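This report describes selected local features of one protein model. Please view the sequence and the coordinates alongside the text.

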Amino acid sequence: MPVDATLQRAFDLRADGVRPDGAALVGVFGEGVPLPLVAALGGLAVDVKAPPLADAAEGPTSDLVRSVTEDFLDPFATRFLHRFAAGAFAPYATLIFARDDVAGLTAYQYATELRRQGRLTQGGPRLHLWNALHTDSAPVAAFNRHELDRLRAHLEETLGAKLDPDRLAGAVTEETRRADALAALPPGGPDAFVARNAGRWLTPSQHAALIREMPRGRGPSIVLTGSACDIPVLHTLCAEVGQVCADLQDYGRAAPQPVDAADLLRRIVADPL
């Protein structure tokens with residue numbers, strides 16, 4: 001069964017195809033950001049790490065970015081910086097970078113420094129580094145609570161809203177419904193890959209409503225691991241010889257999100273990423 005056309009469009013266009021419908025755009029670079037917090041404060045979380053599919057051939061290039069980026073830089077960071085310098089994220093209220101994401105940390109550092117030096121001609125969104133540690137010791141728990149408070153304060157100030165417990169509970173419920181729908185997808189296959197990742201550019205309710213049951217692959221089990229890959233090329237290749245039973249990189253799975261509005265971090269920090 002082919003992927004729903006709306007999901008395919010979202011996957012292809014990515015951040016460039018997002019329709020905020022009145023919500024404030026909040027860019028997210030990397031996994032582990034508590035998305036219900038963004039939604040509860042009136043924001044629409046949008047993945048800005050993976051560029052649109054057309055970006056490789058038609059994306060903007062910046063002489064400034066070329067002059068300061070080394071060839072060994074993660075390509076996700078490099079493409080983000082070219083798009084950032086070109087003003088692709090000008091409509092966004094803020095961009096949140098996950099410290100755990102190597103490309104995300106690099107992108108944050110370069111973007112912050114270029115802005116500090118006054119080398120960017122446009123204003124653009126605020127930049128925020130989300131730094132959560134993935135273990136369960138008491139000192140780490142205290143640190144993570146501080147980081148969550150810092151993120152909440154940043155979003156409240158940026159979006160002009162105060163956190164309402166009922167709205168947060170509703171946002172957690174919507175994210176949980178999405179997670180339940182995603183759990184029904186097979187772990188491998190190009191169609192499931194597209195259907196799962198398209199939600200990075202949709203609201204949880206839109207995404208959950210569009211997910212369809214898909215057949216599981218056959219043949220020997222295959223596990224994928226390594227650097228992030230935001231296109232289903234490996235799944236397509238593997239489908240010729242077996243079935244992907246686990247894809248352990250960022251775009252190969254649905255990362256944990258909160259299921260309890262009273263504890264937004266427990267599932268996230270328990271995940272080793």
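The sections below cover the model's basis, one helix, several individual residues, the salt bridges and a surface patch.

## Basis of the model

The model is predicted: local features need pLDDT of at least 70, side-chain atom pairs count only at pLDDT 80 or more, and totals for chains, interfaces and linings use all residues. Residues are numbered from 1 along each chain as its sequence is written, and side-chain values use heavy atoms, with hydrogens and water left out.

Helices (H or I, at least four residues) and strands (E, at least two) are DSSP runs, numbered from the N terminus.

## Helix α7

Helix α7 covers residues 138-159, which is 22 residues. The expected span of a helix is taken as 1.5 Å times one less than its number of residues. For α7 this gives 32 Å, and the end C-alpha atoms are 31 Å apart, so the two values agree. Just after the helix, G160 has a positive phi of about 65°.

Relative accessible area sorts residues into buried (under 20%), exposed (over 50%) and partly exposed (in between), with a 1.4 Å probe and protein chains only. The buried residues of α7 are V140, N144, E147, L148, L151, H154, L155, E156, T158 and L159. A contact is defined as heavy atoms within 4.5 Å. The buried residues of α7 pack against the strands β1 (24-29), β2 (43-47), β3 (94-98) and β4 (126-130), and against the helices α2 (35-40) and α12 (266-270).

## W201 and D4

W201 sits in the loop between α9 (190-197) and α10 (204-210). With a relative accessible area of 6%, W201 is buried. Leaving out residues up to four places away in sequence, W201 touches A10, F11, R14, A15, V18, V46, D47 and A50. A polar atom of the W201 side chain lies 2.8 Å from the backbone oxygen of D47. The C-alpha atoms of W201 and P2 are 19 Å apart, with their positions 199 residues apart along the chain.

D4 belongs to the segment before α1 (5-13) and counts as buried because its relative accessibility is 13%. Apart from neighbours within four places in sequence, D4 is in contact with L210 and R212. The side chains of D4 and R212 make a polar contact at 3.2 Å. A polar contact is a pair of N or O atoms within 3.5 Å; within protein, one must be able to donate a hydrogen and the other to accept it, and residues adjacent in sequence count only if both atoms are side-chain atoms.

## The loop between α1 and β1

R14 lies in the loop between α1 and β1, and D21 is also found there. Phi of R14 is near 55°, a positive value in a residue other than glycine. D21 likewise has a positive phi, near 50°.

Their accessibilities fall in separate classes. R14 is buried at 1% relative accessibility, whereas D21 is exposed at 68%.

## Salt bridges

A salt bridge is a side-chain nitrogen of Lys or Arg within 4 Å of a carboxyl oxygen of Asp or Glu. By this rule the count comes to 19 salt bridges. One of them joins R14 and D230, with the closest N and O atoms 2.5 Å apart. This pair links distant parts of the chain, 216 residues apart: R14 is in the loop between α1 and β1, and D230 is in the loop between β5 (221-224) and α11. Both R14 and D230 are buried.

R177 and E174 form a salt bridge with a closest N to O distance of 2.9 Å. Because they are three residues apart in helix α8 (residues 165-183), about one helical turn separates them. E174 is partly exposed, at 26% relative accessibility. R266 and D263 also meet in a salt bridge, at 3.9 Å from N to O. R266 is partly exposed at 47%, as is D263 at 30%. In addition, D16, D55, R79 and R83 are linked in a network of salt bridges.

## Nonpolar surface patch

L53, I231, V233, L234 and L237 make a nonpolar surface patch of about 390 Å². Patches are made of residues with over 30% relative accessible area and no salt bridge; like charges are joined within 9 Å, and nonpolar side chains (Val, Leu, Ile, Met, Phe, Trp, Tyr) within 5 Å. Accessible areas come from the Shrake-Rupley method with a 1.4 Å probe, and for residues only the protein chains shown count as cover.

Within this patch, L237 belongs to helix α11 (residues 233-238). L237 is partly exposed, with a relative accessible area of 49%.
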